[in-house]
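Visitor: Please pick a single part of this model and go through it closely. Then say how the rest of the chain is arranged around it.

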Amino acid sequence: MRRPRAAAVVPLLLALCAAAALGSVLGSAVGPSPAGADEVAPPQEVVAGHVLRPLPLAGRHVVIDPGHQLGNARFPAETARLVEAGGFRKACNTSGTATDAGYAEATFTWEVSRRLAERLRRAGATVTLTRDGDSPDRWGPCVDERGTAGNAEDADLKVSVHGDGSYAAGAHGFHVIAGDEASLRVAEVVRGALEDAGFARATYVAGGDGLDLRTDLATLNLSQMPAVLVELGNMRDAGDAAVMTSLAGQERFASALASGVRRWLR
């Protein structure tokens with residue numbers, strides 16, 4: 001086989017270079033460069049070194065509000081201070097409720113919230129927690145701070161996590177509270193996720209449908225994003241308390257809430 005002469009190789013190389021340049025120009029004219037060239041690819045799920053798919057909540061921002069703080073009761077002057085609550089003023093915060101055995105609502109909400117945050121971050125979401133721990137030596141933040149958290153960042157959703165403390169006979173179960181009709185749609189989705197996880201609707205409030213509409217809660221009133229407050233159970237009920245204080249129960253609550261968030265934000 002004869003080799004091509006040098007004189008024939010030079011025009012061939014010039015043609016190849018011109019084709020490459022033209023392809024680059026056309027590519028920039030018809031669409032963006034491939035991810036990783038001039039832009040950052042969305043977060044992706046990687047298993048055993050293999051990229052499976054973009055994470056479902058990539059680009060989403062969720063605010064999680066673990067209700068109360070373990071040390072609130074030790075700072076009565078600070079927590080009694082009146083703050084803006086959405087057209088009226090109310091106390092900065094309260095100590096919350098507890099089980100009959102003394103397990104604090106603040107601790108329950110923190111344990112569920114941090115587990116929820118882990119799940120949402122693994123799904124690609126940016127997560128803001130309104131407090132960063134559960135300490136008997138700390139108080140707050142106040143409900144106005146909780147309500148406005150995420151507003152400046154245009155967050156997509158806020159979930160405020162609580163436990164109830166009703167002494168009504170036989171009172172048990174969860175309910176989801178919204179501050180307006182728009183957020184009520186979110187509440188319906190979260191209610192469905194909790195029911196799918198095996199949790200029962202509250203028997204003692206909200207007409208038994210697991211949904212409530214209230215305008216007296218600063219955490220909801222001051223949020224510029226859809227926001228719901230979930231009362232995950234009645235801590236004064238022995239059955240609910242057993243679930244709410246167990247690690248398995250807290251994992252179930254976090255998993256159900258994460259499912260609700262994903263359903264809404266998809």
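Guide: Buried here means under 20% relative accessible area, exposed means over 50%, and partly exposed covers what is in between (1.4 Å probe, protein chains only). The model is predicted, so local features need pLDDT of at least 70 and side-chain atom pairs count only at pLDDT 80 or more, while totals for chains, interfaces and linings use all residues. Residues are numbered from 1 along each chain as its sequence is written, and side-chain values use heavy atoms, without hydrogens or water.

The part chosen is strand 7, residues 157–164. Strands (E, at least two residues) and helices (H or I, at least four) are DSSP runs, numbered from the N terminus. Strand 7 is mostly covered, and eight of its eight residues are buried. Its side chains go two ways: L157, V159, V161 and G163 point to one side, and K158, S160, H162 and D164 point to the other. Both sets are buried, the one with Lys, His and Asp in it included.

Strand 7 has a partner on each side. Two strands pair if DSSP finds at least two bridges between them. With strand 3 (residues 61–66), strand 7 runs parallel and shares five bridges. One of the positions concerned is S160, the bridge partner of D65. With strand 10 (residues 227–234), the pairing is also parallel and extends over six bridges. Here K158 is bridged to A227, and V161 is bridged to V230.

These pairings belong to an open sheet of six strands in the order 6-3-7-10-8-9, with mixed pairing. Strand 6 and strand 9 (211–213) each have a single partner strand, so they form the edges, and one side of each is left without a neighbour in the sheet. On average, neighbouring strands of the sheet are turned by 25° against each other, direction ignored. Angles are taken between N-to-C directions and run from 0 to 180 degrees; axes are lines fitted to C-alpha atoms, for helices over the stretch in contact.

Next comes the helix that lies over this part of the sheet. Helix 8 lies across strand 3, strand 7 and strand 10, and runs at about 150° to strand 7. Contact means heavy atoms within 4.5 Å.

Two other helices pack on helix 8. Helix 3 (residues 105–122) meets helix 8 (residues 247–265) at an angle of about 50°, and their axes are 8 Å apart. From helix 3, this contact uses F108, E111, V112, R115, L116, R119 and L120. From helix 8, it uses L247, Q250, E251, F253, A254, S255, L257, A258 and V261.

Helix 5 packs against helix 8 at about 140°, with 8 Å between the axes. Here helix 5 supplies R185, V186, V189, V190, G192, A193, L194 and D196. Helix 8 supplies F253, A256, L257, S259, G260, R263 and W264. F253 and L257 of helix 8 thus appear in the contact with helix 3 and again in the contact with helix 5.

Helix 5 spans residues 181–196 and includes E188. E188 has a relative accessible area of 40% and is therefore partly exposed. Its C-alpha atom is 9.8 Å from that of D209, 21 residues away in sequence.

Two loop residues complete the surroundings. T99 sits in the loop between strand 5 (89–91) and helix 3. Its relative accessibility is 6%, so T99 counts as buried. Apart from neighbours within four places in sequence, T99 is in contact with M235, R236, A241 and T245.

W139 is in the loop between strand 6 (126–129) and helix 4 (143–148). W139 is partly exposed, because its relative accessibility is 33%. Leaving out residues up to four places away in sequence, W139 touches Q69, N72, F75, E78, T79, R81 and C92. For Q69, 70 residues away along the chain, the C-alpha separation from W139 is 5.6 Å.

For the chain as a whole, there are eight helices and 10 strands. Of its 266 residues, 43% are buried. Among contacts with a separation of 6 or more, 77% join residues 24 or more positions apart. Against that chain-wide figure of 43%, strand 7 has eight of eight residues buried.
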